[in-house]
Amino acid sequence: MAQKHRLIILGAGFSKPAGFPLAMELWKEIRETAAAYPPDLRAHKFNDDLAHYIEFRKDAYGGVLTPETVNFEDFMRFLDIEHYLGLRGGDTWSEDGNEGTIVTKYLIGKILARHVNALKDLPDLYLEFARRLDLDDVVITFNYDTLLERALEAVGKPYRLFATRLKDASSGVVDIDRREVRVLKVHGSIDWFDRTSFETRISWHEKHKAPPPEDIIFSHEAALGLKRLVDGPCFETDPLKNVYRAKNLKALYAKDLLFMAPPRILPPSAAKLLYAARNNDFWEGMGNAGLYNFGMAIVGFSLPDQDEYARQIFYELVTNYQRYNWDKDALGRKKSPLALINFFPDATAEASFRDRYRFVDWSRADLYGRGFDLTSLDKIFA
């Protein structure tokens with residue numbers, strides 16, 4: 001992270017102008033869709049898990065919750081801990097989570113894919129954002145959708161979705177000649193799928209001289225537009241080694257993927273760290289980010305209490321950026337003010353935001369409260 005590139009962090013507010021749901025809106029769609037599942041289907045287990053969580057909160061903490069008043073991320077934390085510790089024993093569903101979590105991952109993918117597919121033309125806001133990105137800029141996004149990738153492709157700007165491009169995996173030599181925007185999707189993506197279990201099934205079938213297995217994703221490579229995520233050499237230990245992108249979202253979510261192939265995403269849980277390391281290694285070495293960056297922006301990320309781990313990361317990045325090398329020229333550039341872009345309906349909302357970001361040196365920051373829009377781009381790319 002020593003280059004003089006810009007560091008941009010994206011939250012759900014980045015996708016909101018395109019009509020994509022924020023967390024509570026997404027929770028409402030997930031809950032209402034899952035509630036319609038017939039009780040004789042395994043997918044109805046989501047409703048059982050939700051009822052169990054509500055009972056747990058009542059007995060352990062007091063007070064009565066309804067499905068509408070449940071905190072989405074705390075519910076997912078409850079399911080993550082149950083799965084991580086194997087509390088269901090032999091009834092533990094899969095390495096991707098128990099039934100409630102699998103239903104959630106699938107519905108997140110299906111709902112967001114519907115929003116992506118509904119966009120006949122990308123709004124100018126996203127095209128202009130993509131145009132202004134410099135090659136070598138790093139974008140850390142907490143969003144599951146593929147809005148940014150579509151914008152970069154529309155303007156013809158090269159990018160990659162993994163941290164380091166290697167020339168050779170055996171020697172670990174880094175390819176510094178190929179310049180491209182780095183988009184690090186730290187919570188995964190609705191179009192990412194892991195091939196590992198399919199390869200295990202292939203080996204089993206070959207060993208037992210059985211016909212090749214069928215897979216709802218990987219047996220349909222051309223139709224789904226499958227592409228390996230790391231399009232080049234990578235280490236054997238890379239968590240993304242067997243991950244593929246399905247570029248045809250419309251065909252992808254026309255399939256009944258539920259319990260067959262959940263997308264590779266971290267569900268919106270307050271216990272994301274339980275599974276973060278096995279999903280990607282994007283945070284490795286990131287503790288020094290911000291020291292030498294010439295620009296930094298945080299767009300549409302309110303830093304809610306449930307994202308405690310993000311608070312620690314943001315503290316490190318912002319502190320590095322604002323405290324070190326602030327007045328020094330670097331390659332003819334000086335650091336611009338930290339840009340924070342969010343939407344505040346009133347003064348109380350802004351005060352609450354400032355309190356959550358209390359570690360920010362506001363004398364070295366530019367706070368914009370009208371949300372992500374064309375005017376905000378001048379602050380992001382100052």
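This report walks through two sheets, a nonpolar core and one histidine in a predicted model.

## The seven-stranded sheet

Let's start with the open sheet of seven strands, whose order is E3-E6-E2-E1-E10-E11-E12 and whose pairing is parallel. Its edges are strand E3 (159–160) and strand E12 (365–368); each has a single partner strand, so one side of each is left without a neighbour in the sheet.

At the E12 edge, strand E11 (residues 338–341) runs parallel to E12, and four bridges join the two. One residue pair to look for here is leucine 340 with its bridge partner in E12, leucine 367. Helix H11 (residues 308–323) lies across E1, strand E10 (295–299), E11 and E12, and runs at about 145° to E10.

## The three-stranded sheet

The model also has an open sheet of three strands, this time with antiparallel pairing and the order E7-E9-E8. Strand E7 (192–194) and strand E8 (226–228) take the edge positions; since each has a single partner strand, one side of each is left without a neighbour in the sheet. From one strand to the next, the twist averages 35°.

Three bridges hold the antiparallel pairing of E7 with strand E9 (residues 243–246). If you would like a landmark, find aspartate 194, which stands opposite valine 243 in E9.

## The nonpolar core

In soluble globular proteins, nonpolar side chains tend to be buried together. Here, the largest nonpolar core has 113 residues, and those with the most contacts inside it are Ile8, Phe129, Ile217, Phe314, Tyr357, Phe372 and Ile380. Helix H4 (residues 99–117) supplies the largest share of this core, with nine residues.

Tyrosine 357 is a good place to pause. Beyond its neighbours within four places in sequence, tyrosine 357 is in contact with Ile298, Phe301, Ser302, Leu303, Phe314, Leu340 and Trp362. Among these contacts, Leu340 is the residue bridged to leucine 367 in E12, while Phe314 is another of the residues with the most contacts inside the core.

## Histidine 5

Histidine 5 sits in the segment before strand E1 (6–10). Is histidine 5 buried or exposed? Its relative accessibility is 3%, and because buried means under 20%, histidine 5 counts as buried.

The histidine 5 side chain has two polar partners worth viewing. One is the backbone oxygen of aspartate 136, reached at 3.4 Å; another is the side chain of arginine 182, joined to that of histidine 5 by a polar contact of 3.4 Å. Not counting residues up to four places away in sequence, histidine 5 touches Asp136, Asp137, Val138, Arg182, Asn293, Phe294 and Gly295.

Key:
Residues are numbered from 1 along each chain as its sequence is written. This is a predicted model: local features need pLDDT of at least 70, side-chain atom pairs count only at pLDDT 80 or more; totals for chains, interfaces and linings use all residues. Side-chain values use heavy atoms; hydrogens and water are left out. Buried means under 20% relative accessible area, exposed over 50%, partly exposed in between (1.4 Å probe, protein chains only). A polar contact is a pair of N or O atoms within 3.5 Å; within protein, one must be able to donate a hydrogen and the other to accept it, and residues adjacent in sequence count only if both atoms are side-chain atoms. Contact means heavy atoms within 4.5 Å. Two strands pair if DSSP finds at least two bridges between them. Axes are lines fitted to C-alpha atoms, for helices over the stretch in contact, and angles run from 0 to 180 degrees between N-to-C directions. A nonpolar core is a set of buried Ala, Val, Leu, Ile, Met, Phe, Trp, Tyr and Cys residues joined through side-chain atoms within 4.5 Å.
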